[in-house]
Number of protein chains: 2
Amino acid sequence: MKKNLSLKDVSKLIGVSTATISNAFNRPDQLSVALRERILKECERIGYSGPSMIARSLRSGQSDVVAIMLSDSLTYSFSDPMATDFMAGITEVLAKAHKQILLLSSTIKSDAQIRAESLPDGFIFYGAPEGDSFKRVIRSGKPLIVVDFDFPDVPSVNIDNFEACKQLASHAIQNGIDVPAIIGMRLVTDNHVKPITAGDLDHDKQEISWQRLFGYLAGAQEKSADILPENIIHLPVNVLDQAEEGARQLLSKPKRPNVILCMSDIIAIAVCKVARELNLSVPGDVRVTGFDDIAEAERNQPPLTTISQQGYEKGQLAARMLLDKSDERVMMDAKLVVRESG
Amino acid sequence: MKKNLSLKDVSKLIGVSTATISNAFNRPDQLSVALRERILKECERIGYSGPSMIARSLRSGQSDVVAIMLSDSLTYSFSDPMATDFMAGITEVLAKAHKQILLLSSTIKSDAQIRAESLPDGFIFYGAPEGDSFKRVIRSGKPLIVVDFDFPDVPSVNIDNFEACKQLASHAIQNGIDVPAIIGMRLVTDNHVKPITAGDLDHDKQEISWQRLFGYLAGAQEKSADILPENIIHLPVNVLDQAEEGARQLLSKPKRPNVILCMSDIIAIAVCKVARELNLSVPGDVRVTGFDDIAEAERNQPPLTTISQQGYEKGQLAARMLLDKSDERVMMDAKLVVRESG
DNA sequence: CTGAAAGCGCTTACAG
DNA sequence: CTGAAAGCGCTTACAG
């Protein structure tokens, strides 16, 4: 690797002090237009692309880098349409503000990542983080926005999961004769696809998946329907094949559920696929609802009834709040989208 | 923002020289286990998370950051299943190697981004870049891998687009009576969805979309079929609504094509949707093929015949090659996947 | 095993 | 408008 030119080298090469060259790049008002142009042209010619970000950050304490701290691994996040929509929204706003994006995951606990946390001058946390990254960022005093979770005195963007799910369940369930079921992710700590137990329902849980679950239960209650624990399936991860397994468990029961409330569109898509394999019609034999309103929800056969989370707008908002040093705690709208599936 | 502790502060607080604390974090063999443990514990207690990455990078010339340089905007890339698959593969490998990910786009030409290019100690270019970022990285001498394009003496990962498309066209087209058509993106420089002209076919083009186009033409020739320029539709961007417009143009022609070769699965999905709207059956009235084999290709109704690009594996390979300082120029397999659509 | 000191490439108050 | 100099927070060869 060639040694790159430094300000000092350039200073010698073109016979102007380092301060002036630095000013040519960073503070145009500090020198004459003519000199500035000459310097910039010479730099171009000799192949100096401007001051190094690292030295500049060290000196000025500002990096213009924003970190997105994901609560899942980067690899999983890239496969999750909600996460990628959200990041697309963030990057749209940050690109305009000339910020760079560093991708971090709280699932990683290496020294390298902890070190990397010193680089960004702002953080967007997406989902409740593992480990101590959150604590370290709070301690650093750097601006941050948290999304899809909550912490006292920290600006945040959330949706009302309980209310959205209550509305959705109340729409999909018609009366007490219906047999509703739920498929959700990360309800309990278990690596298997299986129903939860009555005991799991006892405790007051704060996680998003439980806010949704309690919303479904409330919506069912409005229609005088019961959702039994044995009809509430836990998936360790929000992926298609686990969802298919959950769907098969439910749809092969003697007393087959005729409404399946899914905590993501991915799950709902899987349920529709399994229903097709079993020659069950959606919504005729079983009504299916999703959550998120990802692009594929509309293209699914049949198109999914779901809750629109507006991941892209969520990302835009979080990024704008970070740039504006907002201290608000925003609750975004999550709208019921009725299509054909349920 | 609170001032964070520096090595010097910590040194005073716990009465050990800065060098020793640095060694406690970075070179465990340079001090006794007992002392190291004491130092780490004290640091934990007073809230010092270890040496700052910025200062360390400046001093040591190594950042453990890898940049992914995308040829599209970050916002678009997050909506492109191939790009996200590819990045998922990269991050899987790099996370294990304790590398951090900086996301850059060659569509951005700000000083801030140019500065940011000084941070990473390795680059993965995805798609032929705009502007001078490629030139600057080459000049820096830092390791890089380019993907989906080519440059003399630069290690790369590609697939044989021509051969794959030839095979696909030869599969989908049955004889000279068939009326095949093509929908591709970025064939010409034009912001409208419209057919190309005979003149556009004259020049020798290197872009991926033209490699594919020439492959389709070669495959058609094998089956004695002609693809007229008026049946080759250009889309400015690979997005669903443009693809739908292209599909409508083709399917409303008096002499309606009965084979549509699409340069991405997204386009093929759009064509299937339009066909459904027009009450045309796929593959009965019109055979449709995709490219990429994204997850949704298999879930589409009907499931898509397509070319599997293995974006995830491509990302893994590119990342591994970067870490290994490979200088190979790899041509990956792209396999024909025959499903029901064509 | 430990510490004093140089220097990585910048920015910025300050003096001229 | 321009330049000399301090210092951002580290790592590392070197001396003890």
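## A tour from DNA strand D to helix 4 of chain B

Start with DNA strand D and Leu7(B): a polar backbone atom of Leu7(B) sits 2.7 Å from a phosphate oxygen of the strand. That is a polar contact (a pair of N or O atoms within 3.5 Å; within protein, one must be able to donate a hydrogen and the other to accept it, and residues adjacent in sequence count only if both atoms are side-chain atoms). This is a predicted model, where local features need pLDDT of at least 70, side-chain atom pairs count only at pLDDT 80 or more, and totals for chains, interfaces and linings use all residues. Residues are numbered from 1 along each chain as its sequence is written, chains are lettered from A and ligands numbered from 1 in written order, and side-chain values use heavy atoms, without hydrogens and water.

Next, select Ser32(A). One of its polar backbone atoms is 3.3 Å from a phosphate oxygen of DNA strand D.

Now select Ser52(B). A backbone N or O atom of Ser52(B) lies 3.1 Å from a sugar or linking oxygen of DNA strand D. Ser52(B) also caps the N-terminal end of helix 4 of chain B, with a side-chain oxygen 3.2 Å from the backbone nitrogen of Ile54(B). Helices here are DSSP runs (H or I, at least four residues), numbered from the N terminus.

Follow that helix. Its buried residues (under 20% relative accessible area, 1.4 Å probe, protein chains only) are Met53(B), Ile54(B) and Ser57(B). They span an arc of only 100° around the axis, so they lie on the same side of helix 4 of chain B. The arc is taken from the directions from the helix axis to the C-beta atoms.

Finish at Gly61(B). This residue follows helix 4 of chain B and has a positive phi, near 75°.

Technical notes
Buried < 20%, exposed > 50% of the residue type's maximum accessible area, 1.4 Å probe, protein only. Helix = DSSP H or I, 4+ residues; strand = E, 2+ residues; numbered from the N terminus.
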